[in-house]
Amino acid sequence: MAQWIHMSQMIQRLSDDTVNNLYPPTAFPIEVRHFLAEWIESQRWDDFALEKVELESQAQTLLDQTISMLQSISQQNANVSMLNQQPLRFAVMVKEILAKERALLGTTPSSTPQYQQHQNRENSFPSMQDVDHLVLKVLEVQDIRQKMHQLQEELNWERQNFEGLQGPIQQNGMDPKNSEIQKLQNHIQQLEYNVKALATTRLISKLKAWQWEQHKATIGHPFDENLHPLQTWCEQLLGVNGKLRQELMLIGEPIPELQERLGKLLQVLIQSSLMVEKQPPQVIKTQSKFCTTVRYLLGEKVASGKPVVLKAQIMNEMQARNLGSVPGDNVGELINNTAILEHNAVSKSTCATFRNMSIKKIKRADRRGSESVTEEKFALLFSAEITITGCDTPYRIQDRVPFMVPERVPWRMMYSTLNSKFTSEVQTNHNLDNYNQHFLAQKIFDKPDFGDDFSNILVSWGQFNKEVLPGRTFTFWQWFEGVMELSKKHLKTYWSEGLIFGFIGKQHLHLILKDRPNGTFLLRFSDSEIGGITIAYVSATENGGQKIQNIQPFTKKDLDIRNLGDRIRDINDITYLYPAFPKDEVFKRFYSEPRASPPGGYIPVSLQTRVGTNQFQQPLGQQEQDMEGGASGEFPCFNE
């Protein structure tokens with residue numbers, strides 16, 4: 001259908017004569033192309049040619065299906081007389097129309113949807129067009145079944161009237177009408193299963209994609225949590241399944257294999273419709289309350305009568321990955337672990353809400369080597385027995401296998417996650433830039449001199465949060481998390497307005513500052529201290545040259561005492577924010593107002609930040625602050 005979408009946009013710019021030549025009104029009106037766009041593009045028209053008489057029957061089938069679908073769309077006997085033509089000529093005409101479209105669009109057959117369908121299937125998700133197409137296919141099945149029934153009645157009539165006169169009718173499927181019935185029956189079998197299997201597979205893919213997006217939302221990725229479209233698709237697929245099973249019954253001849261396949265698809269649909277809409281916290285302490293919401297997308301189809309009770313149980317990682325096998329030992333005890341599945345008529349959702357669940361006790365595995373308690377994962381399994389209206393037997397449903405956590409991921413995925421986590425925690429729209437990304441990669445891979453692309457280099461869990469960084473006492477994640485915490489509490493506005501350069505290596509730092517005037521500075525996160533921000537600036541040397549100085553990092557404790565804007569104002573050695581913005585113009589609004597004189601005739605005191613490595617001269621107020629045990633406001637320069 002993608003080709004038609006682009007073609008319909010181009011048609012607006014074509015003349016009426018060109019459009020009529022492309023879609024002959026008396027042979028193949030443009031309305032036919034529009035209403036059957038997706039179906040037309042999914043067929044292999046390129047196989048047909050006028051000289052290939054052996055394809056006559058296939059062409060006839062396509063022509064019959066076209067007419068049938070047009071009649072079904074109009075829900076009445078539409079005027080389709082213009083399509084009453086030779087089947088091969090019809091197929092070749094459609095082939096030529098599609099080829100002309102591709103020529104106008106500048107595409108090739110290999111780039112069209114019917115050839116890409118198999119390659120893209122795993123990445124394609126159901127849409128409203130999918131549902132409409134599926135309903136259309138069901139109408140097609142019903143039409144074929146009606147034709148088959150009509151042929152069967154005619155066959156029975158002929159048998160009754162001519163059996164005595166002409167002897168036994170040809171047996172073993174040699175009778176023409178009997179052969180036609182068998183042909184239609186085979187077509188129904190293939191069509192019914194293929195349509196339902198494809199639609200169900202694509203829906204399951206979409207459900208899994210929603211769950212993956214929900215998972216990523218816990219680390220800051222944007223997430224559309226609306227489940228109503230998926231609920232609609234589930235309900236429509238359930239209805240289609242019921243109609244297809246009904247068609248099998250109306251055929252009159254049992255087809256056990258197809259019935260079994262449709263039953264399995266039905267079971268997959270019913271089980272996959274159980275979704276954890278609101279996930280519990282990722283880290284749960286024992287003896288503490290938490291809540292979670294489980295939603296059933298086929299809630300309106302649940303048979304009335306006995307209420308559906310959902311039960312939660314806790315299991316370790318091995319048990320969770322083997323849900324089909326018999327569960328092992330009980331690894332934990334949950335309090336308030338049952339909830340009733342209730343339907344909300346206003347929101348049209350059916351949910352079970354666990355409001356006060358808690359873990360009473362948990363059995364942990366023996367840790368080995370450097371494993372920490374936080375590395376052992378557990379999962380909550382939600383299950384219930386449910387009966388769907390129109391189904392004879394109840395189904396046992398439970399949520400899916402937990403998310404797989406790979407041991408290694410490409411750096412591009414790691415960086416995307418770090419960026420989402422950072423912007424989410426700091427609550428900012430200002431993303432990490434390419435310079436930040438490159439420095440972070442250099443740090444986690446311990447390759448400070450590597451200038452190429454890190455995108456496809458794999459990052460292990462050990463590099464992320466088990467192995468301490470070279471020359472440090474902390475891991476990469478501990479260091480990165482410290483930066484996030486500092487930014488969230490003290491640097492949000494500075495970062496959001498682009499005043500903080502952020503993550504930058506020494507080589508890059510010297511490269512961009514080496515030709516700048518003395519006093520040019522930038523703000524960067526400390527490379528050597530958790531949760532610190534430092535000021536790097538250009539300073540004069542004793543012989544008239546230049547050097548890059550790094551002021552001792554300010555931590556959360558320091559910025560609690562005096563904010564970053566006031567500290568920048570205090571330091572006279574820095575004058576221009578890189579590349580050349582006067583600091584007082586940029587940071588003026590962050591400066592604190594002078595304090596009014598306190599009552600009682602006391603002399604006012606204040607804190608100031610000064611830079612230097614020699615004897616400090618501090619204001620009286622700061623000396624008193626130091627004597628009382630507070631942090632000093634003076635910071636030496638040093639090279640990280």
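Let's start with one residue pair in this predicted model: isoleucine 314 sits opposite leucine 380, which belongs to strand 8. To see the setting, look at the strands around that pair. Strand 3, covering residues 309-316, runs antiparallel to strand 8, residues 378-386, and the two are joined over 6 bridges. As a reminder, strands of a sheet pair through backbone hydrogen bonds, in either a parallel or an antiparallel way.

Zoom out a little and you get an open sheet of 4 strands, in the order 5-3-8-9, with antiparallel pairing. The edges are taken by strand 5 (338-340) and strand 9 (395-398); each has a single partner strand, so one side of each goes without a neighbour in the sheet. On average, neighbouring strands here are turned by 25 degrees against each other, if you ignore direction. Helix 11, residues 256-272, packs on this sheet and touches strand 8 and strand 9. The direction of helix 11 makes about 45 degrees with that of strand 9.

Now for the nonpolar cores. The largest one has 49 residues, and the members touching the most others are Trp411, Phe480 and Phe587. Several elements give two or more residues to this core, including helix 13 (411-426), helix 14 (434-445), strand 12 (520-525) and strand 13 (532-540). Helix 16 gives the most, with 10 residues. Take phenylalanine 587 as a way in: leaving out neighbours within four places in sequence, it is in contact with Tyr494, Leu499, Phe521, Leu523, Ile568 and Leu577. Apart from this core lies another, made of 40 residues, among them Leu274, Leu298, Ile359 and Phe382.

Helix 16 deserves another look. It spans residues 476-496, and serine 487 is part of it. Is that serine 487 buried or exposed? Its relative accessible area is 1%, so serine 487 counts as buried, the cut-off being under 20%. As for company, serine 487 touches Phe422, Val426, Lys492 and Phe525, once residues up to four places away in sequence are set aside.

Last, the cysteines. How many disulfides does the model have? The count comes to 0, where a disulfide would need a pair of cysteine sulfur atoms within 2.5 Å. Two cysteines are worth checking for accessibility. Cysteine 351 has a relative accessible area of 15%, so it falls in the buried class. Cysteine 291, at 47% relative accessibility, is partly exposed, because exposed would take over 50%.

Definitions and conventions:
Residues numbered from 1 in each chain as written. Predicted model: local features only at pLDDT ≥ 70, side-chain atom pairs only at ≥ 80, totals over all residues. Heavy atoms only, no water. Pairing = 2+ DSSP bridges. Axes fitted to C-alpha atoms, helices over the stretch in contact; angles between N-to-C directions. Contact = heavy atoms within 4.5 Å. Buried < 20%, exposed > 50% of the residue type's maximum accessible area, 1.4 Å probe, protein only. Core = buried A, V, L, I, M, F, W, Y, C linked by side-chain atoms within 4.5 Å.
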